[in-house]
Amino acid sequence: MIKHIVCFKLKNNSAEQCEKAAAVLMSMRDKVSFLRGIEVGTDFLHSPRSYDIILQVILDDKNSLDAYQKDEYHCSVVKKHMHSVAESSVSIDYEI
């Protein structure tokens, strides 16, 4: 199994914008078949080093991760939205 984690720092981290971005990320739950699990969280601390939103997904293997990265819904809806609202992001992928 693979865990894919992405942390996003938004250009506008108001509660409304964080909630909207979180909803877009969670919309993958029923639309991206490669996902074995998905979790989305928003930061409440708002420290200078905090990121605003975290996405965690679980996938079967590296082939599933590659397919996820090319998935039509993930690319055309989720990545498109997140690239438009994110100031920066960091990610990590590891085996569990």
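**Close-up views of the cysteines and of strand β3**

**View 1. Surroundings of C75 in the predicted model****.** C75 is partly exposed, with a relative accessible area of 31%. The structure shown here is a predicted model, and the cysteine sulfurs are taken up in the next view.

**View 2. C18 and the distances between cysteine sulfurs****.** The sulfur of C18 has its closest cysteine sulfur in C7, at 13 Å, which is too far for a bond, given that a disulfide requires two cysteine sulfur atoms within 2.5 Å. C75 is likewise in no disulfide, since the cysteine sulfur nearest to that of C75, which belongs to C7, lies 20 Å away. With this cut-off, the count of disulfides in the model is zero. As for its setting, C18 is buried, having a relative accessible area of 5%.

**View 3. Strand β3 and its enclosure****.** Strand β3 spans residues 53-59, and five of its seven residues are buried, so the strand is largely enclosed by the rest of the structure.

**View 4. Pairing of β3 with β1****.** Strand β1, made up of residues 2-10, pairs with β3 in the antiparallel sense, and seven bridges connect the two. Within β3, V57 is the residue that stands opposite H4.

**View 5. Pairing of β3 with β2****.** Strand β2, covering residues 37-42, also runs antiparallel to β3, to which it is joined by six bridges. I54 in β3 serves as the bridge partner of G41. When following side chains in this view, it helps to recall that in a regular strand they alternate between the two faces of the sheet.

Methods:
Residues numbered from 1 in each chain as written. Predicted model: local features only at pLDDT ≥ 70, side-chain atom pairs only at ≥ 80, totals over all residues. Heavy atoms only, no water. Buried < 20%, exposed > 50% of the residue type's maximum accessible area, 1.4 Å probe, protein only. Helix = DSSP H or I, 4+ residues; strand = E, 2+ residues; numbered from the N terminus. Pairing = 2+ DSSP bridges.
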